[in-house]
Structures are given as structure tokens and as C-alpha cells.
Amino acid sequence: ELLDVSRIHAGRLDLTLEQVDLTAVIHRVAERLREPLARAGCSLQVRVEEGPILGHWDATRLAQVLINLLSNAIKFGAGKPIHLTAGLEHGTAWVRVRDEGIGIAPDRLPHIFGRFERAVSVRAYGGLGLGLHLVREILTALGGSIRVGSRVGLGTTFTLELPCSGPPSEDAASSPPGKELEPSPGNA
């Protein structure tokens, strides 16, 4: 995460853009997190629209985004179910990750995507405060966005949207695999 953050802040983020099935990425990530979910006593309920959700994205970076979001849901909602839904609407893929955990205080919500920002005490939950920052930066580089809603004691919902056409710039859309791209400023 530190290496990715330093690349982002140097204006460079490696993306390998290709045709990606978001549904397949979701199922791979769910399988990869099966053991951490079981250890935390969390069930993962996945509901994805039928058929593939195809887009011009970076599969590895999308998996990183989903792993970070689900890892947070596991950490802050231990013992409770996690809900992941995904679909496609008007050329835009969307994913929603909802937990039933501790939630985020309203005064912390505007800050959670900042570098080294944390919504809770590091002593109680650990971590560097980089995961959500990376999520936002990766989604921005892919032409997408993320938003969050939360209620203390009731849980948190992250909703991400990605244009199926991939990043908006012509340079990004026609980049050869592995080309370094400059992320654009993002919306939280």
C-alpha cells in the first residue's frame, strides 16, 4: 500500500487496461477472502446481476479495491453479515459493499478517503489509514467514483461506479498494458 501511495502521489499509477468481467473479479475476491470472513464470523452475501459485467478496466486494481472495501467491512463489522451487490446501468457498472458494523461518525465521513486518515482509533482497530485512500485513487484513475453513507452503530455502505468504457482520457483508453497513467482528481 505504501508503494502504491508513493506512486500515486508521484503522479504515476500502473494500470493494465483490458476487457474485464467484473462479475468474475467479484467471485475471485469472495473466494480469496473466504477464510478471513470465517475467522471474523462474517457471512458474505453476494448478489450480482445475471451475465457478465464487462468493462475496459484493470482486473488486478479492481480486485485491490474490492479487497480493501471488504477487509474494512470484516474489520469493522466482525460477526455480522456483509452484503455485496453489483450491476450495470446505462454503460456504468456499480458495486455496493454494505456492512452492519460500527459505522462512521458523521464528522469523520468527509475525511476517510484522505491519506493516513482514520475514522476510529488505531489502538482499537489497527491499520495505516491508506486503504480507502487507495480505493479512491484507483477508481479515479479508472474513470470511476466512490461514495459512502454510514450511521453509527448500524453500518456503512460504499458505492462505486465505473464507466464500462474505461478511463475517459483518450491516452488512458488506448494505453498499452503496463503504461503508467496519471490519476485525475477524484470525487469522494
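What percentage of the 188 residues of the protein chain count as buried? In this predicted model, the figure is 46%, and the chain that carries these residues is built from 7 helices and 9 strands. The protein chain exposes about 9,500 Å², and carbon and sulfur atoms supply 51% of that area. The fold also brings together residues that stand far from one another in sequence: among contacts between residues at least 6 apart, 74% join residues that are at least 24 apart.

A good place to enter the interior is the largest nonpolar core, which has 45 residues and in which W57, L69 and V95 touch the most other members. Both helices and strands contribute to this core, with at least two residues supplied by each of α2 (22-32), α3 (34-40), α4 (59-76), β5 (82-89), β6 (92-99), α6 (131-141) and β8 (155-163). The largest share, 10 residues, comes from α4. In soluble globular proteins, nonpolar side chains tend to be buried together. The surroundings of L69 give a closer view of the core, for, once its neighbours within four places in sequence are left aside, L69 is in contact with V97, L132, V135, I146, F158 and L160.

Two of those partners, L132 and V135, are among the buried residues of α6, a helix that is mostly covered, with 11 of its 11 residues buried. The buried residues of α6 are not limited to nonpolar types, since they include H133, R136, E137 and T140 alongside L134, I138 and L139. An α-helix has 3.6 residues a turn, so residues three or four places apart point the same way. Just after α6, G143 takes a positive phi of about 85°.

The loop between β4 (54-57) and α4 holds D58, a residue that deserves separate attention. Which side chain of opposite charge is nearest to the buried D58? That side chain belongs to R61, but it is 4.7 Å away, and D58 has no salt bridge, because a salt bridge here requires a nitrogen-to-oxygen distance within 4 Å. The side chain of D58 does, however, reach the backbone nitrogen of T16 at 2.6 Å. Residues up to four places away in sequence not being counted, D58 touches D14, L15, T16, L17, V20 and L142.

Elsewhere in the chain, charged side chains do pair, and the count comes to 4 salt bridges. One of them joins R34 to E31, with the closest N and O atoms 2.8 Å apart, and E31 is partly exposed, with a relative accessible area of 46%. Another is formed by E100 and R98, whose closest N and O atoms are 3.9 Å apart; here E100 is partly exposed at a relative accessible area of 27%, and R98 is likewise partly exposed at 35%.

A further salt bridge is made where the side chains of E161 and R147 meet, at 3.6 Å from N to O. This pair links distant parts of the chain, with E161 in strand β8 and R147 in strand β7 (residues 145-151), 14 residues apart. E161 is partly exposed, with a relative accessible area of 31%, and R147 also counts as partly exposed, at 41% relative accessibility.

Key:
Residues are numbered from 1 along each chain as its sequence is written. This is a predicted model: local features need pLDDT of at least 70, side-chain atom pairs count only at pLDDT 80 or more; totals for chains, interfaces and linings use all residues. Side-chain values use heavy atoms; hydrogens and water are left out. A nonpolar core is a set of buried Ala, Val, Leu, Ile, Met, Phe, Trp, Tyr and Cys residues joined through side-chain atoms within 4.5 Å. Buried means under 20% relative accessible area, exposed over 50%, partly exposed in between (1.4 Å probe, protein chains only). Helices (H or I, at least four residues) and strands (E, at least two) are DSSP runs, numbered from the N terminus. Contact means heavy atoms within 4.5 Å. Lys and Arg count as positive and Asp and Glu as negative; His and the chain ends are not counted. A polar contact is a pair of N or O atoms within 3.5 Å; within protein, one must be able to donate a hydrogen and the other to accept it, and residues adjacent in sequence count only if both atoms are side-chain atoms. Accessible areas come from the Shrake-Rupley method with a 1.4 Å probe; for residues, only the protein chains shown count as cover.
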